[in-house]
Amino acid sequence: MTTGATVWLTGLPSAGKTTIAHELAGRLREEGHRVEVLDGDEIREFISAGLGFSREDRHTNVQRIGFVAELLARNGVLALVPVIAPYADSRDAVRKRHEEHGTAYVEVHVATPVEVCSVRDVKGLYAKQAAGELTGLTGVDDPYEEPESPDLRIESQHQSVPESAASVYALLSERGLA
């Protein structure tokens, strides 16, 4: 059986989490790995519909995603999870769940500065926040607790998407997961 794992890519909105995850997924699939990308926006639409963006709702959302990721990972799938997960205690609970089941878990901090993210502004969130049309934007007027000791830290503003994905791939290979 193929070894599964959860690779959680955390970071600010527009940091590059999803782009890196899809780049990595392509490479892993080419090598014959079973891979799923659990995109935060899709999860919110289909699994966490009805949740808002309060601290409690964000925690619930992260726990649901963590449950699904761990289930996939323990069944031989590499679950790539590009989800903000702004609170350290929520991410720690997901890691603990994986440890309790003996499932590999890798935390990747896509540490793109808010100044770079706001220029990328993939979904227009920073522009809406600046115009007063949106409140509670993670990293601007809602907290983002950076991981203190992630398994890998990527500064996506200093490297290409393929280079970022390659660094995650190298870590997975080093751990016998790719």
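**Fold and nonpolar cores of the predicted model**

Buried residues account for 46% of the 178 residues in the protein, which is seen here as a predicted model. Contacts tell a related story: counting those with a separation of 6 or more, 76% link residues 24 or more positions apart.

As for secondary structure, there are seven helices and five strands. Read from the N terminus, the elements go β-α-β-α-α-β-α-β-α-α-β-α. The radius of gyration is 16 Å, close to the 16 Å from the globule rule for 178 residues, so the protein is as compact as a globular protein of that length. The C-alpha trace spans about 50 × 35 × 30 Å along its principal axes.

Turning to the interior, the largest nonpolar core is made up of 29 residues, and Val7, Leu24, Leu28, Leu80, Val108, Val168 and Leu172 have the most contacts inside it. At least two residues of this core come from each of strand 1 (5-10), helix 1 (17-30), strand 2 (35-37), strand 3 (78-82), strand 4 (104-110), strand 5 (152-154) and helix 7 (161-174). Take Val108: leaving aside residues up to four places away in sequence, Val108 touches Val7, Trp8, Leu9 and Thr10, along with Leu152, Ile154 and Val168. There is also a second, separate core of twelve residues, with Ile43, Val62, Val83 and Val94 among them.

On the outside, the accessible surface comes to about 8600 Å², and carbon and sulfur atoms make up 49% of it. Charged side chains number 18 positive and 28 negative, with the centres of the two sets 4 Å apart.

Terms used. Residues numbered from 1 in each chain as written. Predicted model: local features only at pLDDT ≥ 70, side-chain atom pairs only at ≥ 80, totals over all residues. Heavy atoms only, no water. Helix = DSSP H or I, 4+ residues; strand = E, 2+ residues; numbered from the N terminus. Rg over C-alpha atoms; globule rule 2.2 N^0.38 Å. Buried < 20%, exposed > 50% of the residue type's maximum accessible area, 1.4 Å probe, protein only. Contact = heavy atoms within 4.5 Å. Areas by Shrake-Rupley, 256 points an atom, 1.4 Å probe, with all protein chains shown as cover. Lys, Arg positive; Asp, Glu negative; His and termini not counted. Charge placed at Lys NZ, Arg CZ, Asp CG, Glu CD. Core = buried A, V, L, I, M, F, W, Y, C linked by side-chain atoms within 4.5 Å.
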